[in-house]
Amino acid sequence: MNLVRRGSTPLSAYRPGSVEDQFGRLVESMFEDFFAPLAQGGGGLRDSAAAVPRLDMSETEQAYEIQAEMPGVEKEDLKVAIDRERVTIEGECRKANERREGENVVYSERSARKFMRSFTLPTEVDDTAAQAKLENGVLHLTLPKKQGSEARRLTIQ
């Protein structure tokens with residue numbers, strides 16, 4: 001599975017150049033993953049960035065099963081796009097305090113949070129048979145694998 005990271009990370013501004021050895025790339029990746037929640041809306045380093053939902057993925061002979069955490073997102077505010085092997089999940093959670101009649105509001109806060117994740121699967125997905133269900137803040141995706149033609153052996157003449 002290939003995961004796509006959009007935008008630059010805060011650590012990329014502090015790196016003098018690309019790391020050439022495999023161990024260096026591993027350590028660099030660990031630091032980026034460790035600080036990713038702070039950089040992507042969790043701690044306020046970048047308030048405009050979309051949070052990356054956590055996922056669990058399993059594979060059977062026929063399909064990929066994916067569970068993505070989407071806390072507070074309503075199904076009307078959720079989009080799942082499939083383009084061959086690429087899957088993109090986007091959602092937005094909006095919270096606002098309700099006003100009651102006869103109440104003087106002195107202070108009121110609203111919040112909005114965006115979720116976005118895009119990844120590539122090893123095989124093409126049959127988007128016509130794909131299913132999505134949102135239950136208790138968890139998005140359940142069933143993405144059937146597209147049945148391709150089997151390779152056939154040519155007779156050499």
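Strands here are DSSP runs of E, at least two residues long, numbered from the N terminus. Keep in mind that this is a predicted model.

Let's start with Phe 119, which sits in strand β6. Phe 119 is buried, because its relative accessible area is 0% and the cut-off for buried is under 20%. Along the sequence Phe 119 and Arg 86 are 33 residues apart, yet their C-alpha atoms are 5.8 Å apart in space.

Now for the strands around it. Strand β6 (residues 110-120) runs antiparallel to β5, and 11 bridges join the two. Across that pairing, Lys 95 faces Ser 111 in β6. On to β4 (residues 78-83): six bridges hook it up to β5 (residues 86-96), again antiparallel. Here Ile 82 is opposite Val 87 in β5. The β4-β5 hairpin has two residues between its strands, and Arg 84 takes a positive phi near 60° there.

Next, the charged side chains. The structure has five salt bridges, including these:

| Pair | Closest N and O atoms |
|---|---|
| Asp 77 and Arg 94 | 3.7 Å |
| Lys 146 and Glu 124 | 3.5 Å |
| Lys 133 and Glu 135 | 3.7 Å |

What does the salt bridge between Asp 77 and Arg 94 tie together? Asp 77 is in the loop between β3 (63-69) and β4, while Arg 94 is in strand β5, so the pair links parts that are 17 residues apart in sequence. Asp 77 is partly exposed at 25% relative accessibility, whereas Arg 94 is exposed at 53%. Both also belong to a salt-bridge network with Glu 92.

Notes. Residues are numbered from 1 along each chain as its sequence is written. This is a predicted model: local features need pLDDT of at least 70, side-chain atom pairs count only at pLDDT 80 or more; totals for chains, interfaces and linings use all residues. Side-chain values use heavy atoms; hydrogens and water are left out. Two strands pair if DSSP finds at least two bridges between them. Helices (H or I, at least four residues) and strands (E, at least two) are DSSP runs, numbered from the N terminus. Buried means under 20% relative accessible area, exposed over 50%, partly exposed in between (1.4 Å probe, protein chains only). A salt bridge is a side-chain nitrogen of Lys or Arg within 4 Å of a carboxyl oxygen of Asp or Glu.
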